[in-house]
Amino acid sequence: MRAEGPAEELREEPPVRLTLLHRDSRQPGGGGLVGAAPGPALMEEPGRDLMNDALLRRGSASCASEAAIRAVTSLCLDDVLTGEWDEAVRLADAGLEMCDLHGYQELRWPLWVVRAVIAALRGDDEQAQEFAGKLTDWAGRRGSAAVQLYAQYVQCLLAQARDDFEQAFQCISELAVPATFSENLPLALAACVDFVECAVRTNRPDVARAYVAMLQSVDLTGFSPRARLLTACATALAYPTETGHFERSLSTPGISHLPYDRARVQLAYAERLRRKGSLRTAREHFTEARATFITLRALPLQARGEREFPSTVLNRVGTTATPTDALTPQERTIAELAASGLTNKQIGIRTYLSHRTVGTHLHRVFDKLGISTRAALRDALGNTVADRSSESLIGQR
């Protein structure tokens with residue numbers, strides 16, 4: 001029912017179920033991305049045509065308004081998976097505006113998930129925390145354990161971006177319980193690489209392998225190649241002496257349209273190969289993955305890879321490159337402001353970032369430059385700091 005008046009009190013819309021995994025429309029029961037009626041996979045043109053048709057009819061009746069919101073949700077989730085992140089953000093914002101306009105408050109949370117996940121994957125802590133807070137508040141007031149898990153998943157992504165794998169593991173550890181795993185299967189599958197990697201990096205190999213055992217008990221026949229790609233990668237991470245799982249995952253048919261997921265697997269594989277001494281092949285996988293991360297602006301994983309393969313980054317920017325060439329434009333701006341004497345709060349005001357996000361960027365800068373203190377920034381950055389210093393003094397007068 002469409003709400004009239006204070007929409008928060010009227011909650012008779014059908015419940016929404018969110019999955020970040022496609023189902024294969026060629027299999028019995030295959031459906032879309034979110035809790036709409038079963039239909040073609042959205043990456044196929046007929047599926048997108050159906051969604052667009054719903055959007056065109058949205059003004060004719062209240063039920064069409066609901067169909068349009070669900071259509072927008074499905075389309076922007078599809079864009080998340082296929083690497084069209086800017087379009088996903090635009091559609092999510094449009095969907096949220098429609099929810100407010102027509103009073104469908106119960107349909108907002110999947111769109112918040114989209115905004116939060118993209119922000120977290122791009123290293124935008126402030127925005128990710130904003131939408132994660134909305135999810136937590138929504139879940140608390142409605143007693144929704146499932147939505148709370150999605151909020152925790154966002155926190156997991158943010159913790160991983162800080163290399164705080166213990167905190168990241170704690171955020172999604174609830175998925176290790178068989179009952180929770182099966183009840184929240186779409187998220188359990190979508191987050192399997194996050195869970196297993198966090199377990200391995202916090203010295204919980206038995207937990208990682210137990211999770212993989214649960215993954216292997218799932219019949220993936222009706223799921224898309226993404227589920228097979230992620231579960232194969234999770235299996236590879238849980239068994240560090242083997243490389244075959246990585247190779248098989250990257251040869252999964254139908255994953256060319258999943259740029260982020262493929263790049264993440266390539267980075268994990270490159271890290272494994274480097275530790276085994278296969279540096280040439282490792283660099284090849286990392287170079288391809290890094291190009292994808294740059295295109296998507298997935299800064300945390302880009303930075304992680306660059307810390308793992310610093311020489312590869314320098315070689316690609318030229319033989320006369322210096323460590324500062326590995327900095328992104330935003331990182332260099334923040335580093336120069338910090339070297340000029342500004343505090344994280346002052347830098348945040350100038351760059352429209354939170355002080356926590358500034359701190360995260362500085363942590364990456366320190367890693368790239370091979371320094372550990374702000375005092376060392378001036379020497380590491382060179383002559384450009386003097387200009388920033390003069391500018392900061394003028395701004396403080």
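User: Which residues of α5 are buried?

Analyst: Happy to start there, keeping in mind that this is a predicted model. The buried set in α5 is Asp-125, Ala-128, Phe-131, Ala-132, Leu-135, Trp-138, Ala-139 and Arg-142.

User: How should I read that spacing, and where on the helix do the buried residues of α5 fall?

Analyst: The general idea comes first: an α-helix has 3.6 residues a turn, so residues three or four places apart point the same way. Here, looking down the axis of α5, the buried residues fall within an arc of 160°, so they line one face of the helix. Among the elements covering them are α3 (85-102), α4, α6 (145-161) and α20 (355-369).

User: What span should the 18 residues of helix α5 have?

Analyst: At 1.5 Å a residue, helix α5 (residues 125-142) should span 26 Å, and its end C-alpha atoms are 25 Å apart, which agrees. Just after α5 comes Gly-143, with a positive phi of about 65°.

User: Let's try another helix. Which residues are buried in α15?

Analyst: In α15 they are Ala-282, His-285, Phe-286, Ala-289, Arg-290, Thr-292, Phe-293 and Leu-296. Those residues cover an arc of only 165° around the axis, which puts them on the same side of α15. Arg-280 and Thr-295, on the other side of α15, are exposed. Arg-297 follows α15, and its phi is positive, near 60°.

User: And the nonpolar cores: how many residues does the largest have?

Analyst: The largest nonpolar core has 99 residues, with Val-196 and Tyr-211 making the most contacts inside it. Helix α4 (residues 109-121) gives the most to this core, eleven residues. Apart from it lies another core, of 17 residues, including Leu-337 and Val-365.

Conventions. Residues are numbered from 1 along each chain as its sequence is written. This is a predicted model: local features need pLDDT of at least 70, side-chain atom pairs count only at pLDDT 80 or more; totals for chains, interfaces and linings use all residues. Side-chain values use heavy atoms; hydrogens and water are left out. A nonpolar core is a set of buried Ala, Val, Leu, Ile, Met, Phe, Trp, Tyr and Cys residues joined through side-chain atoms within 4.5 Å. Buried means under 20% relative accessible area, exposed over 50%, partly exposed in between (1.4 Å probe, protein chains only). Helices (H or I, at least four residues) and strands (E, at least two) are DSSP runs, numbered from the N terminus. The expected span of a helix is 1.5 Å times one less than its number of residues. The arc is that of the directions from the helix axis to the C-beta atoms. Contact means heavy atoms within 4.5 Å.
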